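The following exercises ask the reader to examine a protein model and the molecule bound to it. Each task is followed by a solution that proceeds step by step.

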Amino acid sequence: MKQYGIVGHPLGHTLSPTLHNWGFRQLGLESRYDAWPTTPDELPAFMERFRSEPVMGLSVTIPHKRSVMDFVDEVTYRAKLVGAVNTLYWDGQKLMGENTDVIGVVEPLRSHAQQMTTGLVLGAGGAARAAVAGLKELQIDNIFVSNRTRFKAESLAHDFGIRVLDWDDRHRSDADVIINSTPLGMAGDLQDLCPLEPEAIKPSAIVFDLVYNPLHTELLQRAQEAGARTIQGLEMFMHQGLEQFRLWTGHGLDPESARELLLQELQNR
Ligand code: NAP
């Protein structure tokens, strides 16, 4: 039995075990994927066990996406660019750190890439860095980042060679693709909030909300009303997971079936 899992703290109701264990069953692989809640203090001992057992692959989430870099043999170009690792896999004897969140942004946008020349990323945290890296992989050159705390946007813009749009001016953007990487719209106190006024969304735009709880956010609702195409945050989650599965097993999984599975799982919660 090959062992895989996710490390983070807190882990809450992560969807990752559902996705990966389903994938193993689909392919008849004798493998299992578990959730391993681990605090920052516990990470070094966890990583020692990871190597000695060995565990065959790991998803890494908050708060370990940066610190886990100290425990791998090599960090991929993509993970270096983003400054975070969300996936560990073995390349022979070498433990690699990769960032599949970027693929999670790229895949849902890929078929629209031809029509996109200007991108706007709202927020400047970890997800925003994956979003900007994704837009760059799609060869979108004209990218703006806008964040409530300006210096964080400036730092991200400097790292990626993109431009800052002041948070107060974000509604004046004319972007072809808008990615929300703030938690505005998330279930709880922020659910009714929208990071952008509808006037800022042109009918030809594509609006990708990385928030996926709820699936249909206030931003996506307003984007639809403006006539824009929308992409739910679950697409990012799903594609980053499918890429992890591919790195670990060498096999792709059908996105349609994976989406159905995840929607069903969310409905049952
Ligand atoms: P993070 O590193 O904590 O960054 C959060 C960003 O949101 C910061 O730029 C922060 O601005 C901004 N922000 C927070 N509260 C705000 C508010 N009330 N008004 C305006 N801006 C606010 O978090 P992250 O890891 O990047 O995640 C951001 C969101 O992306 C999460 O809420 C999550 O829903 C989503 N996400 C989705 C996936 C997926 O698979 N779909 C994966 C990762 C993340 P300041 O700098 O001013 O604090």
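The exercises below concern a predicted model, and they treat its pockets, its ligand and its backbone in turn.

**Exercise 1. Describe the largest pocket by its volume and its lining.**

Step 1. Begin with the volume, which is about 1,500 Å³ for the largest pocket.

Step 2. Turn to the lining, to which 45 residues belong; T61, I62, K65, A127 and Y212 are the closest to the centre of the pocket.

Step 3. Assign the lining to elements of secondary structure. At least two lining residues come from each of β3 (57-60), α5 (126-137) and α8 (233-249). The greatest contribution is that of α8, which supplies five residues.

Step 4. Sort the lining by class: 22 residues are nonpolar, 18 are polar and five are charged.

**Exercise 2. Describe the second largest pocket in the corresponding way.**

Step 1. The volume of the second largest pocket is about 270 Å³.

Step 2. Its lining consists of 13 residues, and those closest to the centre are G123, N147, R148, T182 and P183.

Step 3. By class, the lining of this second largest pocket comprises five nonpolar, six polar and two charged residues.

**Exercise 3. Determine which pocket holds the ligand, and characterise the shell of residues around the ligand.**

Step 1. Locate the ligand: the space that it takes is the largest pocket.

Step 2. Identify the elements of the shell. Both α5 and α8 give two or more residues to the shell around the ligand. The largest share belongs to α8, with three residues.

Step 3. Count the shell. The ligand is surrounded by 21 residues, of which A124, A127, N147, T149 and L210 are the closest. A127 is also among the residues closest to the centre of the largest pocket.

Step 4. Divide the shell by class, which gives 11 nonpolar, eight polar and two charged residues.

**Exercise 4. List polar contacts of the ligand with K152, G233 and F237, and state how much of the ligand surface the protein buries.**

Step 1. Consider the side-chain contact. The side chain of K152 has an N or O atom 3.2 Å from an oxygen atom of the ligand.

Step 2. Consider the backbone contacts. A polar backbone atom of G233 is 2.9 Å from a nitrogen atom of the ligand, and a polar backbone atom of F237 is 3.3 Å from an oxygen atom of the ligand.

Step 3. Assess the burial. The ligand taken alone exposes 920 Å², and 75% of that is buried by the protein.

**Exercise 5. Explain why the peptide bonds before P10 and P54, and the phi angle of Q139, deserve attention.**

Step 1. Recall the general pattern: most residues other than glycine have a negative phi, and most peptide bonds are trans.

Step 2. Examine the bond between H9 and P10, which is cis, with omega about -5°. P10 belongs to the loop between β1 (2-8) and α1 (16-27).

Step 3. Examine the bond from E53 to P54, which is also cis, with omega near -15°. P54 is placed in the loop between α2 (43-52) and β3.

Step 4. Examine Q139, a residue other than glycine whose phi is positive, near 65°. Q139 is situated in the loop between α5 and β8 (142-146).

Technical notes
Residues numbered from 1 in each chain as written. Predicted model: local features only at pLDDT ≥ 70, side-chain atom pairs only at ≥ 80, totals over all residues. Heavy atoms only, no water. 1 Å grid on protein atoms, 1.4 Å probe; cavity = no way out; pocket = protein on both sides within 12 Å on 5 of 7 lines; lining within 4 Å. Points joined across faces, edges and corners; volume = space filled by probe spheres on them. Helix = DSSP H or I, 4+ residues; strand = E, 2+ residues; numbered from the N terminus. Nonpolar A, V, L, I, M, F, W, Y, C, P; charged D, E, K, R; others polar. Near = heavy atom within 4 Å. Polar contact = N/O pair within 3.5 Å; in protein donor to acceptor, adjacent residues only side chain to side chain. Areas by Shrake-Rupley, 256 points an atom, 1.4 Å probe, with all protein chains shown as cover. Sits in = over half its atoms within 2 Å of the grid points.
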